[in-house]
2 protein chains.
Amino acid sequence: MEAARLTVQDLGYGGLSFRELAKAVGIKSASIHYYFPTKGALGEAIMRRYVEHYARYLEGILEGGADRATALRRYTDVFRETLLNGNRLCLAGMLAAERNELPAEVRAEVVAWGEMNERWIARVLALGGAAGAEDLRGRARAIFAAVSGAQMVAHGRHEVAVYDEVVATYRASGLIP
Amino acid sequence: MEAARLTVQDLGYGGLSFRELAKAVGIKSASIHYYFPTKGALGEAIMRRYVEHYARYLEGILEGGADRATALRRYTDVFRETLLNGNRLCLAGMLAAERNELPAEVRAEVVAWGEMNERWIARVLALGGAAGAEDLRGRARAIFAAVSGAQMVAHGRHEVAVYDEVVATYRASGLIP
DNA sequence: ACCTGAACACCGTTCAAGT
DNA sequence: ACCTGAACACCGTTCAAGT
């Protein structure tokens, strides 16, 4: 699973090969089909594991009692770390691009990733104690989209500095509190 | 070229097949290799054509004498139209995700797309006549990244409404003037 | 229960052979 | 100059056959 995740983040869903993966874990490609009948089933499992991992991680930040600015800093650092790790793109970002050729079960997990991120950001925004009339969920979605875009653009240029610069501009403009 | 572009925007670089493309244009796959020796050469040509097309289109907006707000509205509408057209992603956005498995010549065109967009947005921002001390290029890059991210998230959900909502939030927050 | 080799229809690429 | 069929090593998937 771990080897498969790293491959997808590196080369995309299309770049994930049963034969290569089998070689990496020391069995034959047909054997992987015993556990994951189709590539879609494998992709779904990888993605589900990814969402759960980061849901736990982000939950930990809030349980640690971080304030709004600190929590959002930790959040943007997550996407930064992914870039530092072999110029990788967020797994869901990778799959979102390939959406139109993904099996339905993998698409569903990509949507789950976005919803998990938005829910978490909305909770963090609420920490500010600002007006309750504010549309926190919409604002959270915009932050999620903007950060994802910053990662994608920096990934395309293979320069972490681009990510840092763009995210800093988001903060300066007030999009990210 | 047109058929190839639509396929890449729909299914990604990996989803583009010489055999399928040949079928679409009525020749054999080996014949395409006569014009484009490798898939990288074909990808480069598609991408270059794409950048030039939109460079002309955006240039036209400025020559038409649009003011800042109008020009930026037309800009975000370009990405919106792409989503409406079969839930397609911007060609460069598609390729940026697949970056790590792209041939070098295609990567270079993806970077060229970003630079073209940033230059144009910076010129539009200057129309505002605001302080010259402002870092227009950095701001332009942030807008480009944010709009690209909005398109990607909306693409992953297959909902144009998500794009509209996120871009509206960018405007409300002041990121996009 | 878990693994495998062999087959199937796909893929990009090459190349000798055609007009 | 332009096109083609055939071959090569890849791909996901299936399945009968092994332990």
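Which residues are the closest to DNA strand D? They are Leu16(A), Arg19(A), Lys39(A), Lys28(B) and Tyr35(B), out of 16 residues that surround the strand. Before we go on, keep in mind that this is a predicted model.

## Around DNA strand D

Let's stay with this strand for a moment. Of its atoms within 4 Å of the protein, 52% belong to sugar or phosphate, and the rest belong to bases. The protein surface near DNA strand D has 7 nonpolar, 4 polar and 5 charged residues.

Which helices build that surface? Helix H2 (18-25) and H3 of chain A, along with H3 of chain B, each put in at least two residues. H3(B) gives the most, with 4 residues.

Now zoom in on the phosphates. Leu16(A) has a backbone N or O atom 2.8 Å from a phosphate oxygen of DNA strand D. Phe18(A) also uses its backbone: a polar atom there is 2.9 Å from a phosphate oxygen of this strand. With Ser31(B), it's the side chain that takes part, with an N or O atom 3.0 Å from a phosphate oxygen of DNA strand D.

## Around DNA strand C

Over to the other strand. DNA strand C is surrounded by 16 residues, and the closest are Lys28(A), Tyr35(A), Leu16(B), Arg19(B) and Lys39(B). Looking at the atoms of DNA strand C within 4 Å of the protein, you find 52% in sugar or phosphate and the rest in bases. The nearby protein surface splits into 7 nonpolar, 4 polar and 5 charged residues.

Helix H3 (29-35) of chain A, helix H2 (18-25) of chain B and helix H3 (29-35) of chain B each bring at least two residues to the surface near DNA strand C. The largest share is 4 residues, and it comes from H3(A).

Here are some phosphate contacts for both strands, side by side.

| Residue | Part of the residue | DNA strand | Distance to a phosphate oxygen |
|---|---|---|---|
| Tyr35(A) | polar side-chain atom | strand C | 2.6 Å |
| Leu16(B) | backbone N or O atom | strand C | 2.8 Å |
| Lys39(B) | polar backbone atom | strand C | 2.7 Å |
| Leu16(A) | backbone N or O atom | strand D | 2.8 Å |
| Phe18(A) | polar backbone atom | strand D | 2.9 Å |
| Ser31(B) | side-chain N or O atom | strand D | 3.0 Å |

## Where the two chains meet

How many residues of each chain touch the other? It's 41 residues of chain B in contact with 41 residues of chain A. Together the two chains bury about 3,500 Å², with 61% of that on carbon and sulfur atoms. On the chain B side, Asn100(B), Met152(B) and Arg157(B) lose the most area to chain A, and together they make up 18% of what that side buries.

There are charged and polar links across the interface too. Chain B and chain A are joined by 4 salt bridges. One of the bridges between the chains runs from Arg141(B) to Glu165(A), where the closest N and O atoms are 3.4 Å apart. On top of that count, you can look at polar contacts: 14 residue pairs between chain B and chain A make one, with both residues at pLDDT 80 or more.

Which parts of chain B face chain A? Helix H1 (2-11), helix H6 (91-97), helix H7 (104-126), helix H8 (136-157) and helix H9 (160-173) of chain B each supply at least two residues of that side. H8(B) has the largest share, with 15 residues. Sorted by class, the chain B side that touches chain A has 17 nonpolar, 14 polar and 10 charged residues.

## Links inside chain A

Salt bridges turn up 22 times over all chains. In one of them, the side chains of Arg141(A) and Glu118(A) meet with N and O 3.2 Å apart. This pair links distant parts of the chain: Arg141(A) is in helix H8 (residues 136-157) and Glu118(A) is in helix H7, 23 residues apart.

Aromatic rings pair up as well, with 14 aromatic pairs over all chains. Take Tyr50(A) and Trp113(A): their ring centres are 5.1 Å apart, with 40° between the planes, and the pair is tilted. Tyr50(A) belongs to helix H4 (residues 39-63) and Trp113(A) to helix H7 (residues 104-126) of chain A, so to speak a link between distant parts of the chain, 63 residues apart.

Note on methods: Residues numbered from 1 in each chain as written. Chains lettered and ligands numbered in written order. Predicted model: local features only at pLDDT ≥ 70, side-chain atom pairs only at ≥ 80, totals over all residues. Heavy atoms only, no water. Near = heavy atom within 4 Å. Polar contact = N/O pair within 3.5 Å; in protein donor to acceptor, adjacent residues only side chain to side chain. Nonpolar A, V, L, I, M, F, W, Y, C, P; charged D, E, K, R; others polar. Contact = heavy atoms within 4.5 Å. Buried area = accessible area lost by both parts, 1.4 Å probe. Phe/Tyr/Trp six-rings, centres within 6.5 Å; stacked < 30°, edge-to-face > 60°.
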